[in-house]
Amino acid sequence: PPSIEKIRRIRKSIGNFPLAIASGMTPENVREFTCLADCFLVSTGINYDFYNLNPQKVADFVKKIS
């Protein structure tokens, strides 16, 4: 995942424009980024493997961003 400091700098630099984080997001770390990002592109952080989602991780991720 990106460092929280990096995302804070980006947020400050772009102001009110949308910010998406597309790397390293998991149910375990997404909460610390929710106040800084507008959306998250996530795949491996909620998968069993490259092709199969892990329903529990998906549910956990949704809970953390809700």
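How many helices and strands are there in the chain? This predicted model has two helices and two strands. Read from the N terminus, these elements follow the order α-β-β-α. Here is a short tour of the overall build, the surface and the cysteines.

**Overall build**
- Taken along the principal axes, the box filled by the C-alpha atoms is roughly 35 × 20 × 20 Å.
- The chain has 66 residues, and 29% of them are buried.
- If you look at contacts between residues at least 6 apart in sequence, you will find that 36% join residues at least 24 apart.

**Surface and charge**
- About 4700 Å² of the chain is exposed, and carbon and sulfur atoms supply 57% of that area.
- The chain carries 9 positive and 6 negative charges, and the mean positions of these two sets lie 7 Å apart.

**Cysteines**
- The disulfide count for this chain is zero. Cys-35 takes part in none, and its nearest cysteine sulfur, in Cys-39, is 15 Å away.
- Why does Cys-39 form no bond with Cys-35? The two sulfur atoms are 15 Å apart, which is too far for a bond, because a disulfide needs the pair within 2.5 Å.
- The two residues also have their own accessibility values: Cys-35 is exposed, at a relative accessible area of 68%, while Cys-39 is partly exposed, at 36%.

How values were computed
Residues numbered from 1 in each chain as written. Predicted model: local features only at pLDDT ≥ 70, side-chain atom pairs only at ≥ 80, totals over all residues. Heavy atoms only, no water. Buried < 20%, exposed > 50% of the residue type's maximum accessible area, 1.4 Å probe, protein only. Helix = DSSP H or I, 4+ residues; strand = E, 2+ residues; numbered from the N terminus. Contact = heavy atoms within 4.5 Å. Areas by Shrake-Rupley, 256 points an atom, 1.4 Å probe, with all protein chains shown as cover. Lys, Arg positive; Asp, Glu negative; His and termini not counted. Charge placed at Lys NZ, Arg CZ, Asp CG, Glu CD.
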